[in-house]
Amino acid sequence: MELRIRGERAVLAGPGGEHAREVDPHKLAIGADLAQALHEWARVASAVSADSGAEAGAVVSQRGRQLAGRLASVMGTTVRFVDPVTGADTVVEPAPRTDTPGHRFVRSVLGPSGPPGEPTPWLTGLTVSAFIAAVVVVAMLALASTLARETSGWLALVASVVVTAGITPSLWLIRRTPILRWAAYGAAGGVVIAWVGVLVIAF
């Protein structure tokens with residue numbers, strides 16, 4: 001794919017400049033900001049190339065390479081940048097994708113979603129997690145309400161603490177195990193939700 005200038009507009013062309021088409025954020029899914037920046041650069045470049053100012057030409061060339069890099073990253077493909085000032089061709093590779101701090105944190109806690117290339121079974125996994133969470137909530141609330149009714153609220157609170165402390169290490173160990181990790185997520189969520197009801201029952 002080539003990034004060129006046609007008149008005062010930025011266009012993308014196939015190899016050898018065939019089938020050039022104007023940069024359109026809707027057709028290319030590159031975003032309105034990037035498309036506007038490309039067209040603004042094209043207008044400036046068309047004026048500078050006619051004026052042939054050395055310093056201005058260097059600025060236009062550098063800006064064009066920057067925009068070509070952004071375009072390559074957004075589209076995830078190699079872009080061949082044709083410098084409107086010098087006519088030189090530059091091949092721009094897409095920048096490697098990096099995880100955001102939030103993604104790195106989730107990955108460090110939950111572990112990888114599975115073997116490389118294998119899709120994550122979100123629908124099935126979340127269904128299992130929701131079912132396990134419901135079971136844990138019902139069990140903990142039943143235990144707390146029975147102890148609070150038959151003995152005291154403090155004993156119900158202590159029993160809930162013991163249950164939580166007992167299952168937490170197991171949930172932490174299987175949080176990265178395929179299949180079982182969905183049960184761990186559900187159980188952990190169920191414990192958190194159940195504690196709201198435990199506190200209400202106890203006090």
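Which residue follows H3, and is its phi positive or negative? Let me come to that by way of the helix itself, keeping in mind that what we have on the screen is a predicted model.

Helix H3 runs over residues 54–75, and because a rise of 1.5 Å a residue would have its 22 residues span 32 Å, the 31 Å between its end C-alpha atoms agrees with that expectation. Among the residues of H3 that are buried are Gly57, Gly64 and Gly69, together with Val60, Ser61, Leu67, Ala68, Leu71 and Ala72. To answer the opening question, H3 is followed by Gly76, and the phi of Gly76 is positive, near 70°.

Turning now to helix H6, which covers residues 153–173, we have 21 residues that reach 31 Å from the first C-alpha to the last, and this is close to the 30 Å expected at 1.5 Å a residue. H6 nevertheless carries a kink of about 30° at Ile167, shortly before the proline Pro169. Its buried residues include Gly153, Ala156, Leu157, Ala159 and Ser160, and also Thr164 and Leu171, and the buried residues of H6 pack against helix H5, residues 122–150, and against H7.

That brings me to H7, which spans residues 180–202 and contains Leu199. Since its relative accessibility is 40%, and partly exposed refers to values between 20% and 50%, Leu199 counts as partly exposed. On the surface, Leu199 joins Trp154 and Phe203 in a nonpolar patch, and together these three residues have about 400 Å² of accessible area.

How values were computed: Residues numbered from 1 in each chain as written. Predicted model: local features only at pLDDT ≥ 70, side-chain atom pairs only at ≥ 80, totals over all residues. Heavy atoms only, no water. Helix = DSSP H or I, 4+ residues; strand = E, 2+ residues; numbered from the N terminus. Expected span 1.5 Å × (residues − 1). Buried < 20%, exposed > 50% of the residue type's maximum accessible area, 1.4 Å probe, protein only. Patch = residues over 30% accessible without salt bridge, like charges linked within 9 Å, V, L, I, M, F, W, Y side chains within 5 Å. Areas by Shrake-Rupley, 256 points an atom, 1.4 Å probe, with all protein chains shown as cover. Salt bridge = Lys/Arg side-chain N within 4 Å of Asp/Glu carboxyl O. Bend = angle between axes of the 7 residues up to and from the residue. Contact = heavy atoms within 4.5 Å.
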